[in-house]
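I wanted to see how aromatic side chains are placed in a folded chain, and I kept short notes as I looked things up. The entries below follow the order in which I worked.

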Amino acid sequence: MKKIFVLCGVLALIACNEVPQNNITVSSPNNPVRVVKMKKDASKLMTQARFWALIEQSNKGENLTKILRDLSDDEIFGYYYWWRHFNAISYKQDLWAVAYVVMGGCSDDCFDYFRFWLVAQGRKTFENAMNHADSLSDVFAHIKDGDYPESEDLNYVPVAIIDQRYGESAFDKMLDNQYEVGISYPELVFLWDEDNPNSIRKICPNTFDKWWGNSKF
């Protein structure tokens, strides 16, 4: 009876405090008991349509924490996959030129934050920009004074939610052990030079003419 109570206590402790695991136990003649870690393909845990619906509900990211907090672990990692995916495919030299113009310069980190902002604008704006980066010229005009077309904090929302549920570094542990989020970035070939404004204008003439040297951002 004492052993049963001890076992129940251990199981309760695990249920309350331990990061969820996704393991299976297998056996073979040479290795009777073996634990195998099985990772879930995060791309299968949420559809693109569902991802964009959540972005739309978030009001350009303002309510993203509230929206994602009600999701299951699987859904959050599914969301994270598509978030990473769309940030990766928007790693384009023409979008970087647009960001460089409107913000008067754009470092590697700044371009990351710019793409976070771009995804948060919603599917229509994102897809228009992917097809024609210069289409963002008019979008910038609707940004409130004092704001910038960059949103660094949005990248950390899924991490913060999982860490709040299970403890510090829980997101990283679950990403390492339970979820597969394989994303690769393309190699960029720049068709513009920051020291040659005319080369930038060729990439995004509307943005250049309207925002080069602007005082809004």
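**Entry 1: a buried pair**

I began with two aromatic residues and found that Y80 and F171 are both buried. I keep in mind that this is a predicted model, and that the values in these notes are computed from it.

**Entry 2: the chain as a whole**

Before going further I looked up the general make-up of the chain, which has 12 helices and 4 strands. Of its 217 residues, 38% are buried. I also looked up the accessible surface, which comes to about 12,600 Å², with 50% of it belonging to carbon and sulfur atoms. Among the contacts with a separation of 6 or more, 71% are between residues 24 or more positions apart.

**Entry 3: aromatic pairs**

How many aromatic pairs does a search of the whole structure find? The search gives 30 of them, and I wrote down the geometry of two.

In one of these, the ring centres of F51 and Y79 are 5.0 Å apart and the planes meet at 35°, so I noted the pair as tilted. This pair links distant parts of the chain, since F51 belongs to helix α2 (residues 48-57) and Y79 to helix α4 (residues 73-89), 28 residues apart. F51 has a relative accessibility of 0% and therefore counts as buried. Y79, with a relative accessible area of 1%, is buried because the cut-off for that word is under 20%.

I then returned to Y80 and F171, whose ring centres also lie 5.0 Å apart but whose planes are at 80°, so this pair is edge-to-face. The pair again links distant parts of the chain, with Y80 in helix α4 and F171 in helix α10 (residues 170-177), 91 residues apart.

**Entry 4: the two helices behind that pair**

How are α4 and α10 oriented towards each other, and at what angle do they pack? The angle is about 80° and the axes are 12 Å apart. Angles of 65 to 115 degrees count as roughly perpendicular, so that is how I describe α4 and α10. On the α4 side the contact is made by D73, F77 and Y80, while on the α10 side it is made by F171, M174 and L175. Y80 and F171, the edge-to-face pair, are thus both on the list of residues that make this contact.

**Entry 5: a charge over a ring**

Last, I looked at a ring with a charged partner: the charged end of R115 sits over the ring of F111, 4.7 Å from the centre of that ring.

Terms used
Residues are numbered from 1 along each chain as its sequence is written. This is a predicted model: local features need pLDDT of at least 70, side-chain atom pairs count only at pLDDT 80 or more; totals for chains, interfaces and linings use all residues. Side-chain values use heavy atoms; hydrogens and water are left out. Rings of Phe, Tyr and Trp (its six-membered ring) pair if their centres lie within 6.5 Å; planes under 30 degrees apart count as stacked, over 60 as edge-to-face and the rest as tilted. Buried means under 20% relative accessible area, exposed over 50%, partly exposed in between (1.4 Å probe, protein chains only). A charge sits over a ring if NZ of Lys or CZ of Arg is within 6 Å of the ring centre and within 35 degrees of the ring normal. Contact means heavy atoms within 4.5 Å. Accessible areas come from the Shrake-Rupley method with a 1.4 Å probe; for residues, only the protein chains shown count as cover. Axes are lines fitted to C-alpha atoms, for helices over the stretch in contact, and angles run from 0 to 180 degrees between N-to-C directions. Angles under 35 degrees count as roughly parallel, over 145 as roughly antiparallel, 65 to 115 as roughly perpendicular and the rest as oblique.
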